[in-house]
Each structure stands twice: as C-alpha cells, then as structure tokens.
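I opened my notebook to record what I looked up in one protein model, entry by entry. I wanted each entry to name what I looked for and then what I found.

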Amino acid sequence: MATLRELKGRIGSVASSEKITGAMKMISSAKMHKAEGSLRRLVPFKTQIESIMANLLSSDATFSSPLTESHSEIQRIIVVVWGSDDGLCGAYNVNVCKGLTEKIKTYRSSYPEAEIEIMTIGKKMYKAASALGSGYGVKVTAASLDSKSEGKTVDNFMLDLQNMFSTRRADLIEAVYMHFKTAGRQVLTNVQLLPIVPELFNNGQKTESSRPYLFEPDANAIFNAVLPMFLLSTMQEIFIENRASEQAARVMAMQSANDNAKTLLEDLNLEYNKLRQQSITSELLDIVGGQSRE
C-alpha cells in the first residue's frame, strides 16, 4: 500500500503533467489557427486559377501540355505522403499510413511490374513507411524538405516533381495527405498530381458564362502558362492542410491526455485524503489507548 509521501509525490507529478498538456494544447491550437489563416489566404488565388482553367476548357480550343499527357507505359510510380516531424499527435501518422497501405495494394494490383517509390515528408512518416516498404517491396525515400516547409522551398519541390515527370523519370505521381475540414475532422485524401486530370478544375464542372472570352495570345499558350501555377498552388495547399491537420490531431491528443490527468488527479487526491484520515484516526486511537492505560 502506498504511503502518504508516495501519494503526495504522485499527485505532484500528475499535476505537473496536467499543466504541461494544457500548455501544449494551447500552443497547438494557436499553430492550427495560424495554418487555417494561411489556408484562407491561399483559397481565393487557387479558386481563381481553377476558374481560369475551367473557362479555358469550356472553349472550343484544343489544348496540349506535357503535364496532362499520360505516359503509354507506367513503369515508375511515386507516391508522396505527408506526416509529422514531431510526435504527440495521437494516431495521425498511423491513419495516414493505413491509407498509404491501401494505395500501395491498389498500385501493386494494377501495375504489378512497376517500380513504386514512397517519398515521405515528415520524420515520423519516414519511420512508418520504412516498415511498410519492406513488406510490399517498394522503395522508401525521405524528401529534401520537412512538414513545416513553406514558400519557395515548397515551390522548388513541386518543380522537381514536375521535372521528374517531364523527363520520364516518373510516369505517375500521387499525393496522400490529411485534408483539413474542421478542427475536429480531417479526411485522408489521395490526389493525382501528374499527369493532371481536367476533373480537378472546379471539381470537374465547367464554368458557364453568358459572355464570350477572348484569349490572347491564344488559349493553349494561356493554358500552358497557368497549368504550372495550378500545380504550385495545389502543393502549397497540401502542405498547409497537413500542418493544420497535424496540429488539430495534437490538440485532440493533448485534450485527451489532459482529461486523463484530471481524472487520475481526482482519484489520487481521494486516495490521499482517505489514507490521511486513516492515519489521523490511527494516531487518535493510539493516544486514547495510551491515556486509558495510564
């Protein structure tokens, strides 16, 4: 049975843990709101790009771009998967890895002879994917940037992927990440980055307009100029959504840890008070017994 000193030490330790988890929850919440703000600022730009592309595709012009052309043979597939660099975010990386497993199974069934490479973003995801790779015979590499990267670093990463596809070092490039909907809901999402499919623009719905458009210099030139901008905005959006989803998962994990710490603290305080009362009662009985003997 624990002594009063031992219980007091446990109570102090749990109380400290409660304060730490509470502080970590507040920090993660602030980071999540910051990522949400970045996402809101990006959405109008990406929406405008998609609208331009939809209007172009609704015209009678013909379009051609190396970024939309499917390769005749799928020999090398790259799956870029996003996770976290830090822990304490619950089952976030585990859930992403489950979705990645299903995606690898699908590709192995559709393209049994193709070489599959998993490109991970985030240290925790690299560890999880490395264990997965050995079981399915896929190559696992860590990307040259981390989950906190932004701005020009992200743009350069997308340009590298684009160059790999254009030079046929990759025939199919897909992204697996957590799509941020709300603080309490994140959805595992698969997006084919390259080759680009027209259905991505405005969810595949062509934009209707009552007035005609004049394209200068021509529709195909505009199409090829805007297409890389669409890819860059998509990559920026994925990175931001991954950061927001990670912090949302961490907020939930810290909230759960904080609630558990409070429950444990209440139980320990109750046990401490019972033991303290028992000790006081025992001392009183000893005093009364000593006086009666005198």
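The entries below go from confidence to the pocket, then to contacts, the backbone and the surface.

**Confidence.** I began by noting that this is a predicted model, and I looked up how confident the predictor was in the protein chain, which averages a pLDDT of 87, with 94% of the residues scoring at least 70. I then went through the elements of the chain and found that strand S1 (residues 76-82) has the highest mean pLDDT, 96, while helix H3 (residues 123-136) has the lowest, 85. I kept a reminder for myself that where pLDDT is low, the predicted coordinates should not be read in detail.

**Largest pocket.** Next I looked up the largest pocket, and I wrote down that about 400 Å³ of space lies in it. It is lined by 15 residues, and those closest to its centre are Lys 31, Lys 34, Lys 148, Arg 243 and Gln 247. Which helix gives the most to this lining? I found that H1 does, with seven residues, and that helix H1 (4-57) and H5 each supply at least two residues. When I sorted the lining by class, I had eight charged, four polar and three nonpolar residues.

**Salt bridges.** I searched the whole structure for salt bridges and the search returned nine. I looked at the one in which the side chains of Lys 46 and Glu 50 meet, at 2.7 Å from N to O. Both of these residues lie in helix H1, where they are four residues apart, about one turn of the helix.

**Backbone.** I then turned to the backbone, where I noted a cis peptide bond that joins Leu 194 and Pro 195, with omega at about -5°. I placed Pro 195 in the loop between strand S5 (185-194) and H5. I also noted Leu 88, whose phi is near 60°, a positive value in a residue other than glycine, and I found Leu 88 in the loop between S1 and helix H2 (92-110).

**Surface.** Last, I looked for a nonpolar patch on the surface and found one formed by Ile 280, Leu 284 and Ile 287, which together have about 260 Å² of accessible area. I traced Leu 284 to helix H5 (residues 219-293), a helix that I had already met in the lining of the largest pocket.

How values were computed: Residues are numbered from 1 along each chain as its sequence is written. This is a predicted model: local features need pLDDT of at least 70, side-chain atom pairs count only at pLDDT 80 or more; totals for chains, interfaces and linings use all residues. Side-chain values use heavy atoms; hydrogens and water are left out. Patches are made of residues with over 30% relative accessible area and no salt bridge: like charges are joined within 9 Å, nonpolar side chains (Val, Leu, Ile, Met, Phe, Trp, Tyr) within 5 Å. Accessible areas come from the Shrake-Rupley method with a 1.4 Å probe; for residues, only the protein chains shown count as cover. A salt bridge is a side-chain nitrogen of Lys or Arg within 4 Å of a carboxyl oxygen of Asp or Glu. pLDDT is the predictor's confidence in each residue, from 0 to 100. On a 1 Å grid over the protein atoms alone, a cavity is a set of points where a 1.4 Å probe fits but cannot get out, and a pocket is an open set with protein on both sides within 12 Å along at least five of seven lines; lining residues have an atom within 4 Å of a point. Grid points are joined across faces, edges and corners, and a volume is the space filled by probe spheres set on the points. Ala, Val, Leu, Ile, Met, Phe, Trp, Tyr, Cys and Pro count as nonpolar, Asp, Glu, Lys and Arg as charged, and the others, Gly among them, as polar.
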